[in-house]
Amino acid sequence: MEQYVIKGGNPLVGEVEIGGAKNAALAILAASVMTDDTVTLENLPDVRDIGVLIHAMEEIGVRIDRINRHSVKINASNIHTLSVEYEYINKIRASYYLLGSLLGKYRRAEVAFPGGCDIGSRPIDLHIKGFRALGAQVEIEHGQILAHADKLVGGHIYLDKVSVGATINIMMAASMAEGKTILENAAKEPHVVDVANFLNSMGANIRGAGTDVIRIEGVRRLHGTEYSIIPDQIEAGTFMFAAAATKGDVMVKSVIPKHLEATTAKLAEIGCEVEEFDDAVRVVASKPLHSTHVTTLAYPGFPTDMQPQMTTLLAICQGTSIVTESIFENRFRYVDELSRMGADIKVESNTAIINGVPKFTGARVDAPDLRAGAALTIAGLAAEGITVVDDIYYIERGYEDFDRKLASLGAQIEIAYSEKDIQKFTLKVS
Ligand code: EPZ
């Protein structure tokens, strides 16, 4: 089992390059099967979840050629089955995007019930409601979801809850339905807009993405395209918080600062200096940082995917902070791990009450999910002494070269494969 071993205490200083957005890339990869022409994708992050989806697509007959680490050519003209059976596909949430894309193009799809990070109950009722409103029949049997239709016809769909996944999935299927679909209470996240832009570049007719009403005029055929995926706002935000927690000075490059507004605002509020450039953001934490209150919300609110990193930072800020998680009910599981490092946090229902402590102390902790794993790594970078973060498999699902990027900013961090590696590292840094 791989672990990060970290000697904390070094302020992060320098520049870091942000990759393509994992959650946009997953949907766009799945959507690329909707044409028989070749699609070229650039700025694809090289992370585990992308690898799993690529493998699953190859197993149904999609041809995927790597041009380089971050670019692929995709051709789906020889798909031989609409049943996605790759054994690891149910481990990733985004497997459900193959339902929307295959249903849209072939009127049939069968995919395992999606898994993903264990951050609370993650129903897919809204996806199913949307597919049914387009005329599909959807059945769940033996852990598989089967969606099929003789024809898909546009409809008026209201999402009872704002859902990124359901918005994207319905948008994909509706792109190739007959007539017009109106999707109300849609998610407005940057990756929803990115997927709409991608589909439009293939000839789809989608308007309003980025607002809460999306209008889709179905088309009969989509064509090939070349497309570059937007930067990952959560990876960017994670480095911004790491800079703040270590009292550092980091220029986070290749980002869209507008997508980072909620993160930027909170960092400024607690006392960081945040400077915005055209495609970069610099975070400097030279003064003592203080408490604040945060509630996670759908975009443009504060992202749930930044909540563990924010809570971790507030745990070493002066004063009492309150963080309310309003999207996923089980997203405070890392708090027990942070407590081992000296944090003083009490969780009541979906609220964490954080009494800032002067510092973390290094300990052995478990990453319970992707973003929580990144947050515990940040805690380790800020802590006194050695921290070992177990189960970094989760972190590798969504961060490319996380350890190397941190090391390039001056962090003392390595991947350890055994107790011996941990001892060697400890000797080296002490
Ligand atoms: C996406 O998950 C992301 N995953 C998550 O990122 C992210 O946390 C989340 O959006 C919120 O921004 C991917 O893009 C692969 P939702 P998704 O549907 O689509 C409820 C990460 O760390 N809901 O927007 O699953 C749901 O329970 C991950 O990268 C229903 O009730 O999230 C939640 O409370 C973790 N019924 C809320 O909506 C449904 O059918 C928002 O979920 C669907 C969702």
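This briefing describes the ligand site and selected backbone features of one protein model. The model is predicted. Its ligand sits in the largest pocket, and the protein covers 93% of the 830 Å² of accessible area that the ligand has on its own. Both domain 1 (3–19 + 231–429) and domain 2 (22–228) contribute to the shell around the ligand, with at least three residues from each.

**Residues around the ligand**

- The ligand is surrounded by 24 residues, of which Tyr96, Asp125, Ser163, Asp305 and Ile327 come nearest.
- By residue class, this shell comprises ten nonpolar, six polar and eight charged residues.

**Polar contacts of the ligand**

- The side chain of aspartate 305 has an N or O atom 2.5 Å from an oxygen atom of the ligand; Asp305 is also listed among the residues that come nearest to the ligand.
- For lysine 22, the distance from an N or O atom of the side chain to a ligand oxygen atom is 2.9 Å.
- For asparagine 23, the corresponding distance between a side-chain N or O atom and an oxygen atom of the ligand is 3.1 Å.

**Secondary structure at the site**

- Helix H1 (22–31), helix H4 (125–133), helix H5 (164–175) and helix H11 (370–382) are the elements that give two or more residues to the shell around the ligand.
- H4 provides the largest share of that shell, namely three residues.

**Cis peptide bond**

- Tyrosine 299 and proline 300 are joined by a cis peptide bond, with omega at about 10°.
- Proline 300 belongs to the loop between strand E18 (293–295) and helix H9 (307–314).

**Positive phi angles outside glycine**

- Arginine 107, although not a glycine, has a positive phi of about 70°; this residue is placed in the loop between helix H3 (97–106) and strand E7 (108–112).
- Lysine 247 is likewise not a glycine and has a positive phi of about 60°; lysine 247 is found in the loop between helix H7 (233–245) and strand E15 (249–253).

Notes. Residues numbered from 1 in each chain as written. Predicted model: local features only at pLDDT ≥ 70, side-chain atom pairs only at ≥ 80, totals over all residues. Heavy atoms only, no water. Near = heavy atom within 4 Å. Polar contact = N/O pair within 3.5 Å; in protein donor to acceptor, adjacent residues only side chain to side chain. Areas by Shrake-Rupley, 256 points an atom, 1.4 Å probe, with all protein chains shown as cover. 1 Å grid on protein atoms, 1.4 Å probe; cavity = no way out; pocket = protein on both sides within 12 Å on 5 of 7 lines; lining within 4 Å. Sits in = over half its atoms within 2 Å of the grid points. Helix = DSSP H or I, 4+ residues; strand = E, 2+ residues; numbered from the N terminus. Nonpolar A, V, L, I, M, F, W, Y, C, P; charged D, E, K, R; others polar. Domains from an automatic or database assignment.
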